[in-house]
Amino acid sequence: MASKVGPNIGGVGANIGIINDGRKVSYSSEFVERMREIIFRALSKNGSTMVLDGRCCLYRTGLISELILSEKFTDPRVLGKRSVMGDDRQMTSYIISKGYRAIKDFDVKVLTKSQESFRKFFRQQVRWARVGWYYYFKELLNGTARKAGALYTFEQTYAYTLPILLIVLGLMRFYDVIYWHLAVHHFEFYHHFHPEHLLTAMIAFNTRFKDVFITRAMTSILDFFGLSIFAISLNAKMGKERLRVWGGYGAIALLLMFITTVYGLFTFWKQGRWLTR
């Protein structure tokens, strides 16, 4: 890891893996780490990664000494309330704000234990989501995201806003179902009482249907190709246990990440307790 440090490199992190101890939660944890690896590999090649994981990382001592001796580090505050949850994210953000890069050394892999239960895994994801949202907003406002590069900004925006967008798109599609259900009944009613306007009504109805159908079809095709590329990349990182990781345990991880990301947005200032190890 030290060999990766260069003139513009402020910190280096290791690739994190989960020890396979046979527990179901370990498969979900490994799924999350491999998802993070795909994103971090892209970021490390083109700029800075979002966080040098506190489980194994190194920094330029002279660069971060001012931070770790300051009150911002010894007594960090989020909206006036004490925070104890994101020291690794704080240091990573700090070196990026100073104009240095934060990268991962993927030749070094560090194995760590998963949380003891899905309940603690959920609490871990809540902690990560809260810290993530806070630094996402902070880095956009103070210019750190701009220094880290366009890909960094895009990946952060994509990662944290995707669950919100999925909810919005779900509501829009639900609206479409209700809209077309009511539209069909309105068309039948209008046809019954205004047969002389049947052709005009049919043209308007078909035009609206065609526009919505084309838009939804194009969106679905783009979704399919995007998810397929990501799934292929993720599958290549899974190793021998890919069936177990990809199975229900991966789905559980995605569901919990979805819930905690949304929940974290509305509770990101609640960082006074260390929820998990």
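Modeller: Before we look at the model, which is a predicted one, let me set down one definition: two strands pair if DSSP finds at least two bridges between them.

Colleague: With that in mind, what makes strand 1 and strand 2 a pair, and in which sense do they run?

Modeller: Strand 2 covers residues 57-59, and three bridges join it to strand 1; the definition asks for at least two, so the two strands count as paired, and their sense is antiparallel. One of the residues to look at is G13, whose bridge partner in strand 2 is C57.

Colleague: And how do you know which way strand 1 and strand 5 run, and how many bridges join them?

Modeller: Nine bridges join them, and the two strands run parallel. You can find strand 1 at residues 9-18 and strand 5 at residues 101-112, and in this pairing G11 stands opposite A102 of strand 5.

Colleague: Why is strand 1 described as mostly covered?

Modeller: Buried means under 20% relative accessible area, and ten of the ten residues of strand 1 are buried. Over the protein, which has 277 residues, buried residues make up 39%.

Colleague: Is S44 buried or exposed, and how do you know?

Modeller: S44, which is found in helix 1, has a relative accessibility of 10%, and it therefore counts as buried, since the limit for that word is under 20%. Leaving aside neighbours within four places in sequence, S44 is in contact with T49, R101, I103, K104 and F106.

Colleague: What makes the approach of S44 to K104 a matter of polar atoms, and what is the distance?

Modeller: A polar atom of the S44 side chain lies 3.0 Å from the backbone nitrogen of K104, and the cut-off for a polar contact is 3.5 Å, so the distance falls within it.

Colleague: What makes L79 worth a second look, as far as its phi is concerned?

Modeller: Most residues other than glycine have a negative phi. L79 is not a glycine, yet its phi is positive, at about 50°. L79 is found in the loop between strand 3, residues 77-78, and strand 4, residues 81-82.

Colleague: Is L79 buried or exposed, and why is that word used?

Modeller: The word is exposed, because the relative accessible area of L79 is 66% and the limit is over 50%.

Colleague: How many cavities of 30 Å³ or more are there, and what lines the largest?

Modeller: The count is one cavity of 30 Å³ or more, and the largest cavity has a volume of about 40 Å³. Its lining consists of A14, N15, I16, E33, R36, E37, F40, K104 and F106. Helix 1 gives the most to this lining, with four residues, while strand 1, helix 1 and strand 5 each supply at least two. By class, the lining of the largest cavity has four nonpolar, one polar and four charged residues.

Colleague: How much space lies in the second largest pocket, and which residues lie nearest its centre?

Modeller: About 530 Å³ of space lies in the second largest pocket, and among its 29 lining residues L67, K72, Q90, Y135 and K138 lie nearest its centre. The lining of this pocket divides into eleven nonpolar, ten polar and eight charged residues, and helix 2, helix 3, strand 3, helix 4 and helix 5 each supply at least two of its residues.

Terms used
Residues numbered from 1 in each chain as written. Predicted model: local features only at pLDDT ≥ 70, side-chain atom pairs only at ≥ 80, totals over all residues. Heavy atoms only, no water. 1 Å grid on protein atoms, 1.4 Å probe; cavity = no way out; pocket = protein on both sides within 12 Å on 5 of 7 lines; lining within 4 Å. Points joined across faces, edges and corners; volume = space filled by probe spheres on them. Nonpolar A, V, L, I, M, F, W, Y, C, P; charged D, E, K, R; others polar. Buried < 20%, exposed > 50% of the residue type's maximum accessible area, 1.4 Å probe, protein only. Polar contact = N/O pair within 3.5 Å; in protein donor to acceptor, adjacent residues only side chain to side chain. Contact = heavy atoms within 4.5 Å.
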